[in-house]
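Trainee: Before I set up any calculations on this chain, could we go through its model together, one question at a time?

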Amino acid sequence: MSKESSVSGILKSLRDQALSSKCRLLDRQPQLDRPILTIFECFFCLPSKSYFLDLPLKNICALSHHNFFETGQTWREILYPTREKSGLTCQGWSSGVFNYFDGEWRDNLFSQYAENCMGGARFTAIGGAVVVTNGMHRVAGGYVYRAAQQGENAVFSKVRIRHCELMPEVKKFLENLDSSLGIFISKSEIACPRFWITDYIQITARGLVTLRRLSPFNGLFGKKKMQQLSPDLLSCILNDTFLNATESAPPYDE
């Protein structure tokens, strides 16, 4: 049996919808920026809170693993296998998955629609940048389906999200930077070099402090093992207005 003849009806439907859709969300690449976002979460955010909310697909920028797709593939492309990865297979999924995607997600188990799927879908927001932390395959399928159906303003309804809000001083600092010049982050500081001047926000014994130094961009950032924050990811982190409409979420049943 050929690979194409063994494709499930669910996967074929998703491929057909993605092929006919002009939604630009499908041409974005799910990233693996977890290390950078983890630094924000651990050192530059307030204690997290858990909510149910309507999650815009445009804010989903990262997945916790890429076991089934290659780095650099778009949401359209991860519906297909590569030489190294299987792509999204939808193996064991029933037609009821579309009702799941269209309904309120909450803590509903995916196992009633698909085999070998554990727990409810989980998301973490660092500011407005959302990482999928559980349910990678169902989110990939749902992302394609909802984007094809709803277009640029597509949402997942009432998903559980753990929100790590930026510290006010950090958010203000980032909003005032020119991200085109490059922004670098480590566990102790965020820096933006501007020709012969570098702006910093640093964690000190006195708390967060902002300062400006007469120091050019050079190998200093590499020596400090700082990671570069892309303008796209920064934009997503700062775009947190969707978090204004939330409802409280009870704890998980662990």
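Trainee: How many helices and how many strands are there in the chain?

Mentor: Bear in mind that this is a predicted model. Counting the secondary structure along the chain gives seven helices and twelve strands.

Trainee: What radius of gyration does the chain have, and what would a compact globule have?

Mentor: The C-alpha atoms fill a box of roughly 65 × 40 × 30 Å along the principal axes, and 46% of the 254 residues count as buried. For a compact globule with 254 residues the radius of gyration would be near 18 Å, and the value for the chain agrees with this, being 20 Å.

Trainee: Among contacts between residues at least 6 apart in sequence, what share joins residues at least 24 apart?

Mentor: The contacts in question have heavy atoms within 4.5 Å. Taking those between residues at least 6 apart in sequence, the share that joins residues at least 24 apart is 69%.

Trainee: How far apart are the end C-alpha atoms of helix H1?

Mentor: Helix H1 runs over residues 9-20, and at 1.5 Å a residue its twelve residues should span 16 Å. The separation in the model agrees with that expectation, the end C-alpha atoms being 17 Å apart.

Trainee: Within what arc do the buried residues of H1 fall, seen down its axis?

Mentor: The buried residues of H1 are Ile10, Leu11, Leu14, Arg15, Gln17 and Ala18. Seen down the axis they line one face of the helix, because they fall within an arc of 165 degrees.

Trainee: Which exposed residues does H1 carry on the face turned away from its buried side, and what covers the buried residues?

Mentor: The face of H1 turned away from the buried side carries Gly9, Leu19 and Ser20, which are exposed. As for the buried residues of H1, what covers them includes helix H3 (97-102) and helix H4 (136-150).

Trainee: Which residues touch the most other members of the largest nonpolar core, and which element gives the largest share of this core?

Mentor: Among the 47 residues of the largest nonpolar core, Ile60 and Phe123 touch the most other members. Elements that give two or more residues to this core include H1, strand E2 (60-63), strand E4 (122-126) and H4. The largest share, seven residues, comes from H4.

Trainee: How many residues does the second, separate core have?

Mentor: Leaving the largest core, where Ile60 touches residues including Leu55, Trp75, Phe123 and Tyr143, one finds a second, separate core that includes Ala62, Ile126, Leu166 and Leu177. The size of this second core is 27 residues.

Key
Residues numbered from 1 in each chain as written. Predicted model: local features only at pLDDT ≥ 70, side-chain atom pairs only at ≥ 80, totals over all residues. Heavy atoms only, no water. Helix = DSSP H or I, 4+ residues; strand = E, 2+ residues; numbered from the N terminus. Expected span 1.5 Å × (residues − 1). Buried < 20%, exposed > 50% of the residue type's maximum accessible area, 1.4 Å probe, protein only. Arc of directions from axis to C-beta. Core = buried A, V, L, I, M, F, W, Y, C linked by side-chain atoms within 4.5 Å. Rg over C-alpha atoms; globule rule 2.2 N^0.38 Å. Lists of a residue's contacts leave out its neighbours within four places in sequence.
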